[in-house]
Amino acid sequence: MSVSVLSLTRPLGSISGLLQVVSLLGLVLLLLKAVQLYLRRQWLLRALQEFPSPPSHWLFGHHQEFQVGQEVQRFQKWIEKFPCAFPRWLWGSKVNVIVYDPDYMKVILGRSDPKNYDVYRLLAPWIGYGLLLLNGQTWSQHRRMLTPAFHSDILKPYVEIMSDSVRVMLDRWEELISQDSHLEIFEHVSVMALDTIMKCAFSQQGSVQRDRSCQSYIQAIQEVKNLFYSRKMNFFYQNDIIYWLTPEGRRNHQACQVAHQYTDQVIKLRKAHLQEQEELEKVRRKKHLDFLDILLFARMKDGSPLSDKDLRAEVDTFMFEGHDTTASGISWILYALAAHPEHQERCRKEVQSLLGDGASITWNHLNQMPYTTMCIKEALRLYPPVPRVSRKLNKPITFPDGRSLPKGVIATLSIYALHHNPKVWPNPEVFDPSRFALGSDPHSHAFLPFSAGSRNCIGKQFAMNELKVAVALTLLRFELVADPFRVPIPIPEIVLKSKNGIHLQLRKLL
């Protein structure tokens, strides 16, 4: 009996001993990690001592200061107190230096620092490694490959396509306001912008706006964007394994699948269309290829075509950047004009004198509406569609005022804060289109709705054309009135959105 008891207790004792050793090792590793994070934080505090910041918690950083819906208000307060830049502590040893001075912006954007991998990698499950997320030589190769898709000869016929898509949206608005003149416009503009990009860049036949199947795609990318922002702000969600095991991680995976199914279908249909000899010959006769055709005919340095993975990444990237940022810009511009009726009316008169009843709008018209363009730019200043970009410094940097940052620091270029910086734009909250009047001379990096430098927005001319077409045709059809009970609250996420939507009252013009 005693022998059997002893034989049982020996393995139990060895298991207990093993657990103690494992626990001890775990504790040692935890302590080493804590020391590493402490030393990293101390190094950062010394490295950033030239840049004062608001008081922060040693663990939670400025988290309490940046609750959803409060970031814009905090920035407006702090950019006056801290010139040029300040460190924003996320948690522990995690810090971003928020930059909002044009001289600082010029220095950073004039370099070739890579994008901040820690943040942008969170988008990779959705849009893959296309032009937005790539760095180095691969990025340069893809940029050169895609630049011809934005040649003026390609963009000119797109104006008619854009106007057709806008008119479909406006017709829909006429139907809706017969029941209620109040309308939340962002979703409608988003579908219209998707319709435009599908026709212009992907040779899509038919209208996405009349095909309700695209709603699942729109909803999926909205879900992915929301989940991206919540993940970015959560310390525990930075680990991929932990994140994908959470309910949010599973929702993210499902939403990405929906988005990928949509883009895969776009690629599949175009490939099938190019199998037809007549269509193939028509494409080959073109002097300049459309975006998707460039990708399908592209060859890498070794002569091989783009892989399916690279092809989908570029399509996912451009479908997102080509419609979501534009939808944000158009929606906020229409809100700004609704909130300032005197400028709206002056734009309308200019457009009416140029287009008459708006039956036709052409490429040549786009450069003949100076005041409307000034109002568009001023709205983009107040509400930049992409509110920030990030860079990880790959070497030390010294700014014109003598302050410097070491290699490895994350610099977040806050375009929103730059555009609202009173040292750059006097009375920055006032809507004043004269800031962009002919002869005005702002700093070269004071106005960056499409970023700047080698990594500026490749489709900025496409976007500006679409903004002008949408604004001009809308003003010919409707008077826009802001809803005083639902003033939009800007939230700077991947694109600038409103916490409570963008609600307008539309009045059909006779």
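How many bridges join β3 to strand β11 (residues 503-508), and do these strands run parallel or antiparallel? Select both strands to begin: three bridges join β3 to β11, and the two run antiparallel.

This is a predicted model, in which local features need pLDDT of at least 70 and side-chain atom pairs count only at pLDDT 80 or more, while totals for chains, interfaces and linings use all residues. Residues are numbered from 1 along each chain as its sequence is written, and side-chain values use heavy atoms, with hydrogens and water left out.

**The three-stranded sheet**

Strands, like helices, are DSSP runs numbered from the N terminus (H or I and at least four residues for a helix, E and at least two for a strand), and two strands pair if DSSP finds at least two bridges between them. Keep β3 and β11 selected and look at L183, which stands opposite L504 in β11. Now add β8, and an open sheet of three strands appears in the order β3-β11-β8, with antiparallel pairing. Because β3 (182-184) and β8 (478-482) stand at the edges, each with a single partner strand, one side of each is left without a neighbour in the sheet. From one strand to the next the twist averages 40°, taken between axes that are lines fitted to C-alpha atoms, with angles running from 0 to 180 degrees between N-to-C directions.

**The hairpin and its parallel neighbour**

Move next to β1 (85-91) and β2 (residues 94-99), which run antiparallel and are joined by six bridges. They form a hairpin with two residues between them, and G92 in the turn has a positive phi of about 45°. Across this pairing, F86 stands opposite I98 in β2. Colouring by accessibility shows that strand β2 is mostly covered, since five of its six residues are buried, where buried means under 20% relative accessible area, exposed over 50% and partly exposed in between (1.4 Å probe, protein chains only). Then select β7 (residues 410-414), which pairs with β2 in the parallel sense over four bridges; the bridge partner of N96 is I410 in β7.

From here, pick S93 and L39, which are 54 residues apart in sequence and 8.8 Å apart in space, C-alpha to C-alpha. L39 has its place in helix α1 (residues 2-47) and, at 51% relative accessibility, counts as exposed.

**Two residues with positive phi**

C84 lies in the loop between α2 (71-81) and β1, and its phi is near 75°, a positive value in a residue other than glycine; C84 is also buried, with a relative accessible area of 16%. For a second case, select S451, in the loop between α18 (415-419) and α19 (460-477). Its phi is near 60°, again positive in a residue other than glycine, and S451 is buried as well, at 18% relative accessible area.

**Aromatic rings and charges**

Which residues form one aromatic cluster with F86? Select F75, W78, F82 and Y100 together with F86 to display that cluster. Rings of Phe, Tyr and Trp (its six-membered ring) pair if their centres lie within 6.5 Å, with planes under 30 degrees apart counted as stacked, over 60 as edge-to-face and the rest as tilted. The structure holds 21 aromatic pairs. Y243 and W244 form one that is edge-to-face, at 5.2 Å centre to centre with 65° between the planes. Y243 is buried at 0% relative accessible area, whereas W244 is partly exposed at 29%.

Stay with Y243 and show R231, whose charged end sits over the ring of Y243, 4.2 Å from its centre; this requires NZ of Lys or CZ of Arg within 6 Å of the ring centre and within 35 degrees of the ring normal. Another such arrangement is found at R346, whose charged end sits over the ring of Y371, 3.8 Å from its centre.

**Cysteines and confidence**

A disulfide is a pair of cysteine sulfur atoms within 2.5 Å, and by this rule the count comes to zero. C347 is in no disulfide, the nearest cysteine sulfur, that of C375, being 3.4 Å away, which is too far for a bond. C347 is buried at 0% relative accessibility, and C375 is buried too, with a relative accessible area of 2%.

Finally, colour the chain by pLDDT, the predictor's confidence in each residue, from 0 to 100. The chain mean is 90, and 95% of its residues reach 70 or more. Among the elements of the chain, helix α13 (residues 277-285) has the lowest mean pLDDT, 73, and helix α17 (residues 370-382) the highest, 98.
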